[in-house]
Amino acid sequence: MNRTYLMQHVSRHLHTLVRCYSAAWEPLEVFCARADLQDDGMESILQTWFSGKESRGEIPSHIPVFLCLGNHAVYARIPAGEILFLLGPVSFSIPVEFHWQEPLSLPEPTFLDRVPVCDFHEFMSDVLLVANLFTAKCIREETILQENCVDPQIRQNLVREHMKHTFENRENKKLHNPYEQELREFSGIEKGNLEELESSLREDYPGEIGCLSPNPLRHMKNRGIVVITLASRAAIRGGILPEEAFSLADSYIQEIENCNDVPTVIHLFHSAEYHYAQLVHDHEEKDPADKLSNLYTEKCKTYIFSHLHGRIRVGDIAGELNISANYLSEIFHRYEGVTITEYIHREKVKLTQNLLTYSEYTYSEIAAYLGYSSQSHLGRQFRKHTGMTMYQYRTRYGRH
């Protein structure tokens with residue numbers, strides 16, 4: 001196992017420190033790609049906390065443990081056979097609750113300003129990578145989350161509420177609407193049969209939909225999310241490309257979240273059902289050759305989406321789809337109205353906007369992360385699509 005390369009890979013990916021120790025917490029190796037990130041004053045504090053808690057049996061010794069300092073800086077202790085890794089500090093772009101938290105003693109006043117912000121799932125992915133490379137038995141994400149984040153009381157509350165809810169429904173003779181109606185509803189979408197869908201939605205039963213929240217508006221929004229999700233899956237079974245179905249679901253759900261009244265929410269999720277049914281209906285009417293061309297276009301977009309973090313070549317996409325680059329370029333332009341290269345730049349600029357808003361990455365780091373040859377190359381594309389420089393955009397919209 002090339003331990004040094006692994007440490008460098010994780011450090012560069014999360015832009016943070018990675019330390020390695022013996023099982024007795026003797027320092028073996030340390031790496032950080034960032035010259036500005038030092039936390040020397042924290043090391044002895046972290047060693048004392050982790051080793052003390054483990055010796056007293058207060059934290060598990062066989063799986064990664066996360067320590068959150070002052071709700072700002074998170075460190076992960078990762079057991080790896082005969083050695084230990086200490087990863088961090090990091091912070092997250094969304095709130096995450098941790099079992100183990102301690103007050104934060106700053107090594108220096110500007111320390112928090114340099115703690116990298118990352119996506120929690122990317123952080124978890126690197127933790128799992130390090131942990132599982134050194135163990136014969138696979139450590140699952142769910143196990144780590146349960147030990148570090150999930151309050152055990154939640155499951156007890158769930159069981160208690162379920163028993164209470166079931167008892168009250170039996171006492172009051174309250175039933176849910178029949179499952180057969182739901183089958184007919186989403187069968188209409190899957191077949192692109194708008195009449196069948198409309199007929200199923202007109203059916204009347206004495207039962208209830210079920211309570212998804214004590215707040216009426218939140219209840220209806222939750223119901224809308226469920227309906228749209230099921231409708232999108234029915235449309236996929238009916239032949240609609242997954243990426244198209246998922247994107248449409250995202251749009252409707254985000255619009256529902258912006259609603260402030262129940263009638264509008266109901267209108268939106270029923271509109272989504274008819275929208276999906278119409279898509280399937282139109283898909284069935286297409287010429288087979290046209291369906292194939294559209295399939296290539298959507299697969300091309302999916303490839304681009306999953307490779308945005310590097311350099312993308314049209315030839316590589318065509319090779320993945322087993323068609324010629326010229327043919328792919330022709331059909332993509334016909335369906336999307338832009339060239340593949342222009343589409344790639346457009347999507348990379350969208351991701352750049354997100355990074356400028358929510359992360360502290362430098363402009364050159366973002367350019368390298370997205371596969372651009374230089375910061376100026378990305379800068380030209382960014383200004384072309386947004387009318388602003390990256391500095392102007394971050395100054396106006398940055399949230400850190």
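Which residues have the most contacts inside the largest nonpolar core? In this predicted model, they are Phe66, Phe85 and Phe123, and the core that holds them has 31 residues.

Let us consider where this core comes from. The elements that contribute two or more residues to the core are the helices α1 (3-14), α4 (120-133) and α5 (141-148), together with the strands β1 (18-22), β3 (65-69), β4 (73-80) and β5 (83-92). Among these, α4 gives the most, with 7 residues.

I would now like to turn to Phe85. Leaving aside residues up to four places away in sequence, Phe85 touches Arg3, Met7, Val18, Arg19, Cys20, Ala76, Arg77, Ile78, Ala80, Val130 and Phe134.

There is also a second core, separate from the one just described, with 25 residues. Phe186, Ile240, Ala245 and Leu268 are included in this second core.

My last topic is a pair of helices. Two packed helices are described by the angle and the distance between their axes. For α9 (residues 216-237) and α10 (residues 242-257), the axes come within 9 Å and cross at roughly 170°. Angles over 145 degrees count as roughly antiparallel, and therefore α9 is roughly antiparallel to α10. The crossing of α9 past α10 is right-handed.

Which residues make this contact? From α9 they include Gly224, Ile225, Ile228 and Ile236, and from α10 they include Ala245, Phe246, Ala249 and Ile253. Ala245 was also named as part of the second core. Sorted by class, the contact between α9 and α10 has 10 nonpolar, 3 polar and 4 charged residues. Among the residues in the contact are Arg218 and Lys221 of α9 and Glu257 of α10.

Notes. Residues numbered from 1 in each chain as written. Predicted model: local features only at pLDDT ≥ 70, side-chain atom pairs only at ≥ 80, totals over all residues. Heavy atoms only, no water. Core = buried A, V, L, I, M, F, W, Y, C linked by side-chain atoms within 4.5 Å. Buried < 20%, exposed > 50% of the residue type's maximum accessible area, 1.4 Å probe, protein only. Helix = DSSP H or I, 4+ residues; strand = E, 2+ residues; numbered from the N terminus. Contact = heavy atoms within 4.5 Å. Axes fitted to C-alpha atoms, helices over the stretch in contact; angles between N-to-C directions. Parallel < 35°, antiparallel > 145°, perpendicular 65-115°, else oblique. Left-handed = near helix turned anticlockwise from the far one by under 90°. Nonpolar A, V, L, I, M, F, W, Y, C, P; charged D, E, K, R; others polar.
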